[in-house]
Amino acid sequence: MSKNNHKVIIFDTTMRDGELTPGVKMNLQQKITISQLLEEMGVDIIEVGYPGIYQKDFDEVFNISKIIKNSTICGLASSNPNEIIK
């Protein structure tokens, strides 16, 4: 924390961006392990996937959010209302 009390928020996109890399695929257990490591490191926000489009990502966000308590778990959404609602 700086002298003027501004907090730097760490937002990690490793899991969502990582799966955009050709040949990279992560299962739920791998994402849980990565989330736990990121939480231990003090990461504030962990982006898991794109849950409004992919059911696999929705399930991962849901399951990981039940395990991780000190970091915020989130998913990417476009401005499409259906994605936001899901």
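I'll start with the helix pair. The axes of helix 2 and helix 3 come within 10 Å of each other and cross at roughly 45 degrees. That angle makes helix 2 oblique to helix 3, and the crossing is right-handed. Keep in mind that this is a predicted model.

Next, the residues at that contact. Helix 2 contributes Leu28, Lys31, Ile32, Ser35 and Gln36. Facing them from helix 3 are Lys56, Asp57, Glu60, Asn63, Ile64 and Ile67. By type, the contact of helix 2 with helix 3 divides into 4 nonpolar, 3 polar and 4 charged residues.

Now the sheet. There are 3 strands in an open sheet, ordered 1-2-3, and the pairing is parallel. Which strands are at the edges? Strand 1, residues 11-12, and strand 3, residues 72-75, each pair on one side only. Strand 2, residues 45-49, is joined to strand 3 by 4 bridges, and these two run parallel. One residue pair to look at there: glycine 49 has glycine 75 of strand 3 as its bridge partner.

Helix 3, residues 55-67, also packs on the sheet, where it touches strand 2 and strand 3. The direction of helix 3 makes about 145 degrees with that of strand 2.

Last, confidence. Mean pLDDT for the chain is 92, with 95% of its residues at 70 or more. Where is confidence lowest, and where is it highest? The lowest is in helix 1, residues 14-18, at a mean of 89, and the highest is in helix 2, residues 28-40, at 97. As a general caution, predicted coordinates should not be read in detail where pLDDT is low.

Terms used:
Residues numbered from 1 in each chain as written. Predicted model: local features only at pLDDT ≥ 70, side-chain atom pairs only at ≥ 80, totals over all residues. Heavy atoms only, no water. Pairing = 2+ DSSP bridges. Contact = heavy atoms within 4.5 Å. Axes fitted to C-alpha atoms, helices over the stretch in contact; angles between N-to-C directions. pLDDT = per-residue confidence, 0-100. Parallel < 35°, antiparallel > 145°, perpendicular 65-115°, else oblique. Left-handed = near helix turned anticlockwise from the far one by under 90°. Nonpolar A, V, L, I, M, F, W, Y, C, P; charged D, E, K, R; others polar.
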